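User: Please take a close look at a single part of this structure, and then work outward from there to its surroundings. One connected account will do.

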Amino acid sequence: MAVNLWPWVRGEWRRGWTSLLGIVVLITIGGGITIAAVGGARRADTALDRRIEYEGWTANATIGSLVTLEEMDGAVDRLLPLIAEVPGVRGAAALTWAGVGIEIDGDPGNLFSGALGTSIGESPTETIVIGRAADQANPHEVTINEEAAAQAGVRVGDTIVLRSYASDQVDEFYEGNGAPDNGPRVEAEVVGIFRTLEDITTQPEARLTLTSGYIERYGDRVVSCTCGIVANIPLDELDQAAAEIADVVSEAQMVVGTITDEQSTILDQAVGVEVGALLVAALVAGVASIVVMLQALARQSAGRRSDEASLAAIGATRADRVAASMAVLAPALALGAIGAGVVAVGLSPLFPRGIARRAEVDPGWRFDAPVVLGGAMVLLAVAAAGALWFTWRSARRVAPTTITPILKLLAARPTTTLGGSLALDPTGDGRRVTAAGVIAAVAFAIAGITGVAVIEQSVDDTLSSPEAVGQPWDLELQAAPADPEAVVAATAEEPIDAFAFDLRIGGTDFEITGEDGTWLVQPMTFDNVVGTIGPYITDGGGSIDEGDVVLGEALARRVGADVGSEITFTPGPTKFTVTGIGRLSDGDRADEFAYVTADGMERLGRGQQPDLNSAMVRLGADTGADVTERLADLGWKPALLPAKVATLEQIGTVPRLLAVGLAVLGVGAVVHTLLVALARRRRDLAVVRALGFVPGQARAAIGWQGVLTAAAGAIVGIPVGVVIGRVIWKQVVGGVGALDIVSVPWLLLVLIAVGAVAFCAVCGWVVGRRAARLRPSAVLRSE
Amino acid sequence: MTETADITDIADTSETTEPGATPSTATDLAVEITAVYRTFEQDTAPVRALRGADLAVKRGEFVAVMGPSGCGKSTMLNLVAGLDIPDEGEVIIAGESLAGKDENALAIMRRQHIGIVFQFFNLLEGMTVLENVVMPAVIAGRKRKVAESRARDLLDLLGIGDKAKQAPGVLSGGQRQRLAIARALANEPTIVLADEPTGALDSEGGEEVLELFRRLHQGGQTILLVTHDQPVADAAERIVRMKDGRVDDDGLD
């Protein structure tokens, strides 16, 4: 500053500290939420990898299904040191599978468990979430996963009975056909509950880990196989190391699988939804923060315009004035950026949510330096640029303007007139930018909240709509029953709407080729026992003849098929005619199925009988609870959503957190504007008091300012929010293959609008107390 | 208001005595201040602004209060306007004592009886010239159409009718003060209070404003003007001199 304006700067700090503090708070809250959302997305995105790295269970070499136990004999002991020497391998351990399971209600559960044996280097481990790891020398200690604990109703410290197949029950072990278990029954203490990657999925399986002491003591009496090796390899070296391991174990006909081939792919998809939701949240929060921050800075800059002439009169150039104004703002901007970083770290335990949170090894405080420091720097840069812009503009002379044309619309009462004047010109400098800024901030907050409401309603409606998810049934058999015929007979006798079997040609994917391309699909047909269960047809009709096929909407698009088109299944090749397009869950998606008739399935199988994939029951509208209970006793469980659709649940609480954040920002913007208007337009308030306003009217005028600001924000924000919500939802729902149900919660939107207006009125009423207490004689004398 | 109306017709002349006439009863007084004290607590020491001031202003009278800076002129004006409350003594406006009235009652009193003209105009810059004049009438509960009609008449009579739709910021100093006077007259007040009304104007603008006050007085408007400028005070029919928080000379002799 060529002219020493530091005294003025210090005076501004003293005079306007409340407004500057408001800017600090707004930057802190808005920036903090934005940085936290970005950090949360990054944390969610990397949670799975960090967990995998932590557990080190990244690759395994297992016996091929064509190799006999005799052929495998000694192979693991021989190969383990060789695998441990492969570059990139941090450690390896022998893996034993055994036909041992937990007894639940007197019956054996899933008779399949694992145990780690000899290890070299950093052996893979499991994440114990409750209790401790088992003493490997103790045959009577076990750890179980969360799903097993839930199924068996077992907690750490409980004693369980381990049931097992005897060593001569190899066939029963492999076939899992529910044959009686003849192996030893051993009591063991559950010392720890662990979480596997499968626990993190939406369809976890029960797991039991035995100690090597158990294998040593009972291994020769139970069916077991030390036929695998688990390797601990960093993810960035996994592909190369796995390829080398494959070479090492090829002579033993072992198959190498990596973590990235297995559950992590499914989990990545589920986590991806959350990451996307968080990034959208970060984007919305970021834009909202910038709008709020800039309009606060605009107010602050505009408020100093009255000093511009005085500063110019003492010889300050425009550059001097801008520099001085920036000096006034600099501490607020810096403190705001620091505060945002602190808030982001403070909010970090809230993220990630959903599946990613379960994947997080340590879901506590987290200081993600690149995100927090980088975010704070970006925030500071944006705030400083905005401040510079507004300060530079405010240093210009402007012609006086009035806002009467708009006020005339509000001119029913003097309090509304003055409230409108305050809302449209909070700083009293005749510029629209400040009012537009706060209305934009409120509109953005309301738009965000509205968008969240639309998306949440759409998620709820979609997940609860069988048509949307292509799942016209309520119950499924998720495991083969011990006595299938009895279950079928008992089910068919119940007063249900429909009961069918899902039949497919076992494990065979067919290539389906249309005009525009080829895709892999597992054709399906339903054998209806009671009533009819089939695809929802959105175009055309069902499949009636053996040459008819109904395709999922996405599949039809991919291969370029339409109703009446001819498509070809390979192997075969077998030609079919597309008679309809629609939605039906194939377990994964709802829009990639190929549904044929039973005769059509025979054509595809060319003599091979289709296998039972699953069975489904649709309850009637008036089916009683007693029926549901009896079906549950038979093994029927509530139908699982298609896996891809189920990822929608991973959107979880992120939208609500975003809505809360936006609401806080919006309220912050309004309160800051009310306070600024109170300070900058106190002369006008004093004048109207002198003209006859009673104190309550002055207070009401501030209330009206809040009401009108919120109303303008709602008028703009709600339609914009509905559009934003619909656009985002359309993208999300299209990605998972569910029907785009139009769900706009109008009543809730009305409540949001009324709530926003009422809340801002209350804010105005509270802030307006200061207007009511204002002493006009003192104000007018000082002015 | 007819086309031939003059500014002398726009004042509230009910119960007005002829200029210069002696009031026959106490209710003929527009303002009566008796033994008023007012002290302001400041950080350093209390400021005793008024120390037993007395003043009576008849209806229709044009009184100028003169005195040096800090003698209590503006404080007395604020007490009359009900913008401040005396520590001791009584203020009566149009026969109605302000003692014991709360903020709401004082505001309502202002609507009925008081029009204020400030030295620095204190216009509502975000509203048009017309809206500035309409505002007090609407605050007083008049219908907007009626208020607008009177406001237009006032602006015409004060010579700024063509500026009705403009922002106050584009007016000259004299025009701004004329606007302030029009606003003060909007509710046909019992008394117009003017605090150094020419203090922010050049000599030409100042003379315009004084001429307006003279014409208003001729129309029967009661005016209480505060100034430290003798030529301004000379426009009034009576000059009251204040010193050290008291009325030194009530100008009646």
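Analyst:
**One helix and its setting**

Helix α2(A) is mostly covered, with 29 of its 39 residues counted as buried. The model is a predicted one. The helix spans residues 17–55 of chain A and is not straight: at A:Thr46 it bends by about 40°. Just after α2(A) comes A:Gly56, whose phi is positive, at about 70°.

The chain around this helix gives the background. Chain A contains 28 helices and 24 strands. Of its 783 residues, 53% count as buried. If contacts in chain A between residues at least 6 apart in sequence are taken, 86% of them join residues at least 24 apart.

Next comes the nonpolar interior. In soluble globular proteins, nonpolar side chains tend to be buried together. Here the largest nonpolar core has 302 residues, and the residues with the most contacts inside it are A:Ile83, A:Ile229, B:Val31 and B:Leu224. The largest share of this core is 19 residues, supplied by helix α10 of chain A, residues 263–303. A second core, separate from that one, has 15 residues, among them A:Ala498, A:Phe499, A:Trp636 and A:Ala639.

The two chains also touch: 28 residues of chain A are in contact with 29 residues of chain B. On the chain A side, the elements giving two or more residues are α15 (404–409), α16 (414–424), α25 (682–691) and α28 (776–782). Of these, α25(A) makes the largest contribution, 7 residues. By class, this side of chain A has 14 nonpolar, 8 polar and 6 charged residues.

In chain B, B:Leu224 is a convenient place to start. Apart from neighbours within four places in sequence, B:Leu224 is in contact with B:Val31, B:Val57, B:Val63, B:Val65, B:Leu77, B:Val80, B:Ile191 and B:Leu193. One of these partners, B:Val31, is itself listed among the residues with the most contacts inside the largest core.

Chain B also has an open sheet of 6 strands with mixed pairing, in the order β6-β7-β8-β3-β9-β10. The edges are β6 (114–117) and β10 (246–249) of chain B; each has a single partner strand, so one side of each is left without a neighbour in the sheet. On average, and with direction ignored, neighbouring strands of the sheet are turned by 25° against each other. Within the sheet, strands β3 (residues 62–66) and β9 (residues 238–243) of chain B run parallel and are joined by 4 bridges. B:Ala64 stands opposite B:Ile239 in β9(B). Helix α6 of chain B, residues 203–218, packs on the sheet and touches β3, β7 (191–195) and β8 (222–227) of chain B. The direction of α6(B) makes about 150° with that of β8(B).

A last site in chain B is B:Gly89, which lies in strand β4, residues 88–93. B:Gly89 has 17 C-beta neighbours inside 10 Å and therefore counts as partly exposed; a buried residue would need 20 or more. Setting aside neighbours within four places in sequence, B:Gly89 is in contact with B:Thr34, B:Ala35, B:Val36 and B:Tyr37. Between B:Gly89 and B:Gly52 the C-alpha to C-alpha distance is 7.5 Å, with 37 residues separating them in sequence.

Methods:
Residues numbered from 1 in each chain as written. Chains lettered and ligands numbered in written order. Predicted model: local features only at pLDDT ≥ 70, side-chain atom pairs only at ≥ 80, totals over all residues. Contact = placed C-beta atoms within 7 Å. Nonpolar A, V, L, I, M, F, W, Y, C, P; charged D, E, K, R; others polar. Core = buried A, V, L, I, M, F, W, Y, C linked by C-beta atoms within 7 Å. Buried ≥ 20, exposed ≤ 12 C-beta atoms within 10 Å, placed from the backbone. Pairing = 2+ DSSP bridges. Axes fitted to C-alpha atoms, helices over the stretch in contact; angles between N-to-C directions. Bend = angle between axes of the 7 residues up to and from the residue.
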